[in-house]
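Please open the model in your viewer and keep the selection panel at hand. The stops below are arranged so that each selection leads to the next.

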Amino acid sequence: MGPKKRKVVTAWPGARERRSGLSVQLQPGVGQGAELEPEPRGHLQQQLPEEAPVTSVYFNKVAHRRLSSGFFNRPCVTLAKEFLGQVMVRKFPDGSEVKGRIVETEAYLGGEDQASHSRGGKQTPRNTAMFMTPGTMYVYQIYGVYFCLNVSSQGDGAAVLVRSLEPLHGLDTMRQLRSKRRREAGKPLKDHELCNGPSKLCQALDITKIFDRGDLATGNEIWLEPGPEEISGADIVSTSRIGIGYAGEWVNKPLRFYIKGNKCVSVVDRDAEKVKD
DNA sequence: CTATGGATCAACT
DNA sequence: GTTGATCCATAGA
């Protein structure tokens, strides 16, 4: 039997409201400062003015507080692994911030990758961001309900899907944002459940289509900072991607990467974790 | 396990 | 312009 007939709607509900910022009331101050901030890396972590221009790599080591465009200009698989451990920061219109450490990513390689939205090298209005400068965000809506965040990498049509974060700061804000789609009577979410999925993290950070084609390297509302610790190759599990059963030979390619043992990984692969030789 | 929900795009008229 | 099949998921039972 065929699919049910659907009415056609040209805009997603709430689009206008969300443009003006948060659509839930946040409780200011609650929980802020009670959570552990990542240790600064070295002594150069001083605060910078928000739009501090980076004019020279030689005189602006300080500017590495925020990962800049050069960081994103790497091959897709390399970038997917380098993302692990970096801290995603979301600043809301009221000035408050939430932060989470990236613990799970997937690489989508572009034209030849049958699981990629850019398969066959096809560029459409939806996936245009995948073909833009490395560091460009590709946000798309899935199943009509949720959003997923990708970041363009080096390579035509290649991008990295951000699948899971370990919440570091602003957990109460995340919980409020995540509750919007949940029943009142639902059990309160554990910390590790706040961002353990590609659309969960978009809810928790209020990432919507308005960020599509935005630049993660220069934006004021969302950016990356160096993580508190280096993630070594030995701590990275490489395994198959999630939810791409249609992609033929690409189904089993090890293009999903996560930090071994991290509680916030969405789908754990015990077999892939068994390190042999 | 199932229900949910709407944009997207190829393939048509 | 319309149609049909699909889609990188989540929530709740």
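Begin by selecting Thr-124 and Thr-128: a polar atom of the Thr-128 side chain lies 2.7 Å from the backbone oxygen of Thr-124. Please bear in mind throughout that this is a predicted model. Thr-128 itself is placed in the loop between β2 (97-108) and β3. Is Thr-128 buried or exposed? Its relative accessibility is 16%, and Thr-128 therefore counts as buried, the limit for that class being under 20%. Now display its surroundings. When neighbours within four places in sequence are set aside, Thr-128 is in contact with Gln-123 and Arg-213.

**Two residues with positive phi**

Arg-213 is the next selection. It is found in the loop between α5 (198-204) and β6 (222-225). With a relative accessibility of 39%, Arg-213 counts as partly exposed. Its backbone deserves inspection: phi is near 70°, a positive value in a residue that is not glycine.

Continue to Tyr-143, which is likewise not a glycine and has a positive phi of about 55°. This residue belongs to the loop that connects β3 (137-142) and β4 (146-152). Tyr-143 has a relative accessible area of 70% and is therefore exposed.

**From strand β5 into the core**

Select Val-160 next, in strand β5 (residues 159-169). Its relative accessibility is 0%, so Val-160 counts as buried. Which residues surround Val-160, leaving aside neighbours within four places in sequence? The contacts are Cys-76, Leu-79, Ala-80, Phe-83, Thr-105, Glu-106, Leu-149, Asn-150 and Val-151. A distance label may be added between the C-alpha atoms of Val-160 and Ile-142: these residues are 18 apart along the chain, and the separation is 16 Å.

Then move to Val-162. Beyond its neighbours within four places in sequence, Val-162 is in contact with Phe-83, Met-88, Ile-102, Glu-104, Leu-149, Val-151, Pro-198 and Leu-201.

Widen the view to the largest nonpolar core, which has 61 residues. The residues with the most contacts inside this core are Phe-72, Phe-83, Met-88, Val-162, Leu-205 and Ile-207. In soluble globular proteins, nonpolar side chains tend to be buried together.

**The surface near DNA strand C**

Finally, display DNA strand C together with the 24 residues that surround it. The closest of these are Tyr-140, Arg-178, Arg-183, Gly-243 and Tyr-246. Which elements each supply at least two residues of this surface? They are β3, β4, β5 and α5, with the largest share, four residues, coming from α5. Coloured by residue class, the surface divides into 12 nonpolar, seven polar and five charged residues.

On the DNA side, 68% of the atoms of strand C within 4 Å of the protein belong to sugar or phosphate, and the rest to bases. Three individual approaches may be examined in turn:

- Tyr-140: an N or O atom of its side chain is 2.7 Å from a base oxygen of DNA strand C.
- Arg-178: a polar atom of its side chain lies 2.6 Å from a phosphate oxygen of DNA strand C.
- Pro-198: here a backbone N or O atom lies 3.5 Å from a phosphate oxygen of DNA strand C.

To close, keep Pro-198 selected and restore Val-162: Pro-198 is one of the residues in contact with Val-162, and Val-162 is among those with the most contacts inside the largest nonpolar core.

How values were computed. Residues numbered from 1 in each chain as written. Chains lettered and ligands numbered in written order. Predicted model: local features only at pLDDT ≥ 70, side-chain atom pairs only at ≥ 80, totals over all residues. Heavy atoms only, no water. Core = buried A, V, L, I, M, F, W, Y, C linked by side-chain atoms within 4.5 Å. Buried < 20%, exposed > 50% of the residue type's maximum accessible area, 1.4 Å probe, protein only. Contact = heavy atoms within 4.5 Å. Near = heavy atom within 4 Å. Polar contact = N/O pair within 3.5 Å; in protein donor to acceptor, adjacent residues only side chain to side chain. Nonpolar A, V, L, I, M, F, W, Y, C, P; charged D, E, K, R; others polar.
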